Amino acid sequence: MRRHNLVKKMIAMTAAVAMSFSLLACGGGEKETKAPETKAETAGETDAKSEAGNTEETQGQETEDAGNVEKKNLKVAIVKQMDHASLDEIANAVGAELDKLAADHGITIEYEIYSGQGDQSVLKQIGDQAIADEVDMIIPVATLAAQVMTVCAEDTKTPVVYAAISDPEAAEVTGIDYVTGTSDALNTEFILDMMLAQNPDVKKVGLLYSLSEANSTTPIAEAKAYLESKNIEYAEATANTNDEVIAAASVLVSEEVDAIFTPTDNVIMSAELAIADTLIEAGVPHYTGADSFVRNGAFITCGVNYTELGSKTADLAYQAVTEGMEGMEDFYKMDGGIITVNTETAEGLKIDYSVFADMGELVEVQTTED
């Protein structure tokens with residue numbers, strides 16, 4: 001029995017979206033490389049060569065050319081779960097690496113970047129159309145996109161090579177012979193160690209996350225266990241929309257938490273710009289699971305480089321479609337260890353972040369409204 005049956009049932013219950021697939025393409029991030037036209041040899045030309053005594057050689061060349069058509073002309077759908085800084089960075093990195101692979105191997109790779117707008121039914125529409133268009137591979141970015149694309153590709157076994165699932169097993173996308181991808185699994189304990197290194201007197205921590213994000217399930221459980229082992233109190237606040245995130249952040253501030261932790265949660269990330277100033281004014285540092293949060297105003301993170309993750313994902317996708325998926329792993333975990341701090345936020349919080357210099361590679365950024 002396939003491990004994605006729960007996802008399949010969930011999708012089956014969702015009503016179809018009445019919109020044109022062509023409107024779903026992401027505007028600024030869309031890239032496409034057109035495949036060159038090829039001219040097939042006519043039957044008459046073949047007969048002429050045959051009469052000249054070249055029949056065997058011509059047939060051999062035709063067979064070789066036919067075998068190379070699929071490899072020389074690839075069509076790819078890159079499907080983001082939604083639009084935000086991290087997923088945009090990954091999708092663009094995937095596209096850039098596909099361009100490089102095309103140039104390096106002398107082939108044509110035609111691709112488009114789509115956004116599911118955080119809507120399961122929109123993702124289903126994109127996936128179904130991609131299969132109907134007979135793409136050679138689908139590269140979904142983030143957990144829900146991967147789950148939906150896995151279901152869409154079940155009948156055709158079109159390779160699905162996902163990017164940035166923190167917990168592939170919890171997302172039920174392992175053990176499927178046409179699915180693999182990259183994991184940005186979070187080192188939750190290390191991030192909380194950073195929190196205590198900056199403020200050893202932390203008494204209460206806010207846990208801000210979405211119940212709809214599979215990426216958050218394991219790290220939130222790990223955070224609770226860690227805090228309990230340290231006898232540190234925690235308060236939870238969950239949200240599924242931008243307005244709910246804003247309200248949840250305000251609740252945690254009112255509960256006088258000393259710091260807030262959020263894993264690689266796409267719902268919270270989408271609202272980071274809307275809550276950053278509130279947390280800074282309240283003097284509450286936000287420790288997060290991805291550098292996109294930090295670039296949008298959160299205090300600090302320790303995680304993977306998403307440009308490298310996107311490139312790795314594209315390489316795996318190319319391997320899957322050109323060599324086959326036999327022998328490939330269920331997923332490939334990316335190395336982390338990059339500490340990213342927002343210097344503007346640190347100044348607003350009056351925090352000296354030099355304490356993190358000895359804990360890993362330290363990257364300084366400022367707020368950008370992505």
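**Close-up views of a predicted model**

There are zero disulfides anywhere in this structure, which, bear in mind, is a predicted model.

**View 1. Two cysteines, both tucked away.** Cys152 and Cys302 make a handy starting point. Cys152 is buried, at 10% relative accessible area. Cys302 is also on the buried side, at 8% relative accessibility. With zero disulfides in the structure, neither cysteine is shown in a sulfur-to-sulfur link.

**View 2. Helix H5, under cover from end to end.** H5 runs over residues 143–152, and 10 of its 10 residues are buried. The roll call goes Thr143, Leu144, Ala145, Ala146, Gln147, Val148, Met149, Thr150, Val151 and Cys152. That last name is the cysteine from View 1, with its relative accessible area of 10%.

**View 3. An aromatic cluster of Tyr287, Phe299 and Phe356.** How many aromatic pairs turn up in a search of the whole structure? The count is two. In one of them, Tyr287 and Phe299 have ring centres 5.5 Å apart and planes at 85°, so this pair is edge-to-face. The two partners come from distant parts of the chain, 12 residues apart: Tyr287 sits in strand S9 (residues 286–288), while Phe299 belongs to the loop between helix H11 (291–295) and strand S10 (300–303). Buried or exposed, where does Tyr287 fall? Tyr287 is buried, at 0% relative accessibility. Phe299 is buried too, at 1%. Ring pairs bring in Phe356 as well, giving a cluster with Tyr287 and Phe299.

**View 4. Looking into the largest pocket.** This pocket holds about 510 Å³ of space. It is lined by 35 residues, and those closest to its centre are Asp184, Ala185, Leu186, Gly303 and Val304. Which elements give two or more residues to the lining? They are helix H7 (214–229), H11, S10, strand S12 (338–342) and strand S13 (361–365). H7 chips in the most, with four residues. By class, the lining is a mix of 13 nonpolar, 12 polar and 10 charged residues.

**View 5. Lys204 and Glu255, a salt bridge across the sequence.** Eight salt bridges come out of a search of the whole structure, and here is one of them: the side chains of Lys204 and Glu255 meet at 3.5 Å, N to O. Lys204 is in strand S6 (residues 204–209) and Glu255 is in the loop between helix H8 (242–254) and strand S8 (259–262), so the bridge ties together parts 51 residues apart in sequence. As for cover, Lys204 is buried, with a relative accessible area of 15%. Glu255 is partly exposed, at 33% relative accessibility.

**View 6. Lys80 with two aspartates.** Salt bridges with shared partners join Lys80, Asp83 and Asp88 into one network. On one side, Lys80 bridges to Asp83, with the closest N and O atoms 2.8 Å apart. On the other, Lys80 bridges to Asp88, where the closest N and O atoms are 2.7 Å apart. Why does Lys80 count as buried? Its relative accessibility is 3%, and buried means under 20%. The aspartates are partly exposed: Asp83 comes in at 44% relative accessibility, and Asp88 at 25%.

Technical notes: Residues are numbered from 1 along each chain as its sequence is written. This is a predicted model: local features need pLDDT of at least 70, side-chain atom pairs count only at pLDDT 80 or more; totals for chains, interfaces and linings use all residues. Side-chain values use heavy atoms; hydrogens and water are left out. A disulfide is a pair of cysteine sulfur atoms within 2.5 Å. Buried means under 20% relative accessible area, exposed over 50%, partly exposed in between (1.4 Å probe, protein chains only). Rings of Phe, Tyr and Trp (its six-membered ring) pair if their centres lie within 6.5 Å; planes under 30 degrees apart count as stacked, over 60 as edge-to-face and the rest as tilted. On a 1 Å grid over the protein atoms alone, a cavity is a set of points where a 1.4 Å probe fits but cannot get out, and a pocket is an open set with protein on both sides within 12 Å along at least five of seven lines; lining residues have an atom within 4 Å of a point. Grid points are joined across faces, edges and corners, and a volume is the space filled by probe spheres set on the points. Ala, Val, Leu, Ile, Met, Phe, Trp, Tyr, Cys and Pro count as nonpolar, Asp, Glu, Lys and Arg as charged, and the others, Gly among them, as polar. A salt bridge is a side-chain nitrogen of Lys or Arg within 4 Å of a carboxyl oxygen of Asp or Glu.
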